[in-house]
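Dear colleague,

I am passing on the structure we spoke about, and I would be glad if you could look through it with the notes below at hand.

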Amino acid sequence: MVGKLVEALRHDVVIVGSGIAGLRAAIEASRVSDGKLDVAVVTKLQAMRSHSVSAEGGTAAVLYPELGDSLDSHAFDTVKGSDYLADQDAVERFVREMPGEIYQLEHWGLPWSRREDGRIAQRWFGGYSYPRATFAEDKVGFFEMQTLYDTATRYGGIHFYQEWFVTSILTEGGEFRGVTAIDMKTGSFVQILGKAGIIATGGSGRLYSFATYAYSSTPDGMATALRAGIPLKDMEFIQFHPSGLIPSGILITEAVRGEGGVLVNKDGERFMKRYAPAKLDLASRDVVSRAMMTEIEEGRGFKDQATGLDYLHLDLSPIGDEKIKSRLSQIREIAIKFRGIDPAEKPLPVRPVCHYVMGGIDVDIDGATRIRGLWAAGEAACVSINGANRLGANSTAECLVWGKFTGAEAARYAAGKGAASTVGEQVQLEEKRIFDGIFHGKGGTNPYEIRDSLQRLMAKDVFVYRTADGLSEALRTIRELKTKDFLHCEDRSRVYNTNLNDVLEVESMLIVAEVVIAGALARTESRGAHARRDFPKRDDKNWLKHTLAFWGPDGLRLDYSKVTITKYQPTERHY
Amino acid sequence: MTDVRLLVQRFDPFKDEEPRLVEYKVPKREGMTVLDAILYARDYVDHSIALRFSCRQASCGSCGMKINGRPRLACYTQVDELAGEKVVAQPMENFAIIRDLVTDLGSFFEKHAEVVPQLVRSDLQEQEHPTSEYVMKPEELTRVLQFTYCIKCGLCTSSCPTVATDSEFPGPQALAQAYRYTADVRDEGGDGRIAILDTPHGIWRCHFAGSCSYVCPKGVDPALGIQLLKRHVMSGHAPRKAGEGSPTAKAGIPAHGPGSGSSSGG
């Protein structure tokens, strides 16, 4: 029996996601083709709402070599921060590209904060040897998004599909054909065919409820890539930022410590001097978060009565009122509004918070996946420049650089291809999966409670410190949750049905969480953000390699690939 | 623990003739925002409540709605700060309703795009292939800064009495952004923007009710921006012409690559 035809839309380049990476890719694809290519940006949000807006403190680039900074130093700091798991050829390419990106955004209108002489200002950030975090107050990601979105409206060839939820990647013979999506406004299921594609759907931080992430940061893009046969790389490396504000984990930027703020325990002690005597509060994020959890576990933390969460104090008083108001205005606003504390007067309650995933869709140095004609960029991808621990101010930077690269690569590829063709059966199967399987699905389990259970187990057993027992227990629970009958939709409307999206998101979260836990359990060493209580040392002999997780009919399979080392030989890290 | 009495306006265009208010009981917790309350109802009481939300920290602009009669961001409104015993959530005015709390912002984004919200320069080669930055003094930045805080949430436009009566009026959001780019010392596109906006349906339709500035959650003063645009026109104080935007700094992109110099740190 032939099902009803699914409408097909055609474009040259199809970009999924509208954060910094997606928008930068769209502009580049349009620009390198002189506007001749037809570029689609498909996003489950409105195009300027992506989680990138929440990036606060900075974007790293070497702008002032005359003051001693160098590309070599930026590369070395990044590799050291990564605990030597970054691919060094990619890091070198990255740092070379960054100064141009800062100037490009400036020329498109970004209001970077300025020095007295009218040139771009930079500040200190954790893990760096020079102050190279370029900033626009403490709203860096927001201004980058605004600048890219406003600039993209100038390009006639960029078509936005806003509030379209992508459900699968279409391929034929190992080649990209397009995506399937639900138009949320009408509920129609549509195929968007393209000659080339870019996945730029961001990170998976909502595997945790105490997270700096937007609610929309679920691993939909990563899960669709896995289903299309592309492995995820290094997913066990999850960054816990030292300062998430109690109660919900809103980010208090590292720039607070860059400007002079200090972490203090309940005895009033600046405890970082015991853990990182040289860099103190500005050691890399994994180091500071582990120090904080040790302080808390040894009884030197505070407890929040309402949430039961343990925390420490972040004291901003050394920064001074004037600088707090001029350079950290958003932080002050957030603290007053969400916690009722003016940080100019009282310390902020903070604890380590899920902030970034170093892993992502496995890509090469150009951002290309294993599917011909498909690239991935930004947090959704793993190049890898971040290895086992990303330095602050390098993520927005990575989104810009690989947004640009993949936009250009995809455009060149698409320019040499004939018309996009449809793939038939895959589309019908996907439609059945979503509408027969979920929209008309039956079940007694509340999908939102499945999400809650998942987030609880991640917070308990897949947090800053991990053990074989905890991870095994987590893996068992995840596999149990997957068998529950939560794949159903109570909302019967086709118009703006967020319930359907939410169920699809929960399904993706379970798949990707399993990848994270399996990778973490297998990796019997401590490296960067992956800290095993039972294996406290880095083990270069056995584990200086990337994890690759494949998804197939028989479930999950792990494999490994080698790390590219050019000139920075692995040594022990000290801060 | 007390309950919050949450009333959400529901409307499905395929089912309902009229919007109606539906009450949900939500257990209150310390620091609860209106967004938290609605999401509790959505997750555990009625999965079919439709709303937009994302960042939950007043940066993304998704969750604009009318709360107890006033346009606000749901994530940026504490239940405790509302007077009265009920929390009433309704869609923003001046926009068509798609469903429940979700409104159609399509023409709002189009109007924003129409005011040329980009830096316009005559040195196109430099602008697209930068060698350095355009110089901008801190005080020149400060002059435009508040107008750059716009998150495109639509609250100002939903509160504007002129938008309610003139569909051709660009609205406070778009006009404030026209001012933001025109007042930027790096920009040379003011003449073009003013040609679009110096019309009966443009800046002159604003009669300075000021509600836009009152409701903005980010401290932008669109009403002021519109008055400053009017002053530009009236004073004959022309914006910068082609070639008059601020120049580039002398220094440039570091030419040396990794490989020069020794590694630092350790």
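The notes that follow take up a sheet in one chain and a pair of domains in the other.

Please bear in mind that this is a predicted model, in which local features need pLDDT of at least 70 and side-chain atom pairs count only at pLDDT 80 or more, while totals for chains, interfaces and linings use all residues. Residues are numbered from 1 along each chain as its sequence is written, with chains lettered from A and ligands numbered from 1 in the order in which they are written.

In chain B, five strands (DSSP runs of E, at least two residues, numbered from the N terminus) form an open sheet with mixed pairing and the order 2-1-5-3-4; strands count as paired if DSSP finds at least two bridges between them. Strand 2 (20–27) and strand 4 (70–73) of chain B are the edge strands, each pairing on one side only, and from one strand to the next the twist averages 35°. Strand 1 (residues 3–10) of chain B runs antiparallel to strand 2 of chain B and is joined to it by eight bridges, with B:Val4 opposite B:Val26.

In chain A, the domain assignment, which is automatic or comes from a database, gives domain 1 (243–354) and domain 2 (425–562). Taken over C-alpha atoms, the centres of these two domains of chain A are 30 Å apart, and five residues from each domain take part in the contact, where contact requires C-beta atoms, placed from the backbone, within 7 Å.

With best wishes

Conventions. Helices (H or I, at least four residues) and strands (E, at least two) are DSSP runs, numbered from the N terminus. Axes are lines fitted to C-alpha atoms, for helices over the stretch in contact, and angles run from 0 to 180 degrees between N-to-C directions. Two residues are in contact if their C-beta atoms, placed from the backbone, lie within 7 Å.
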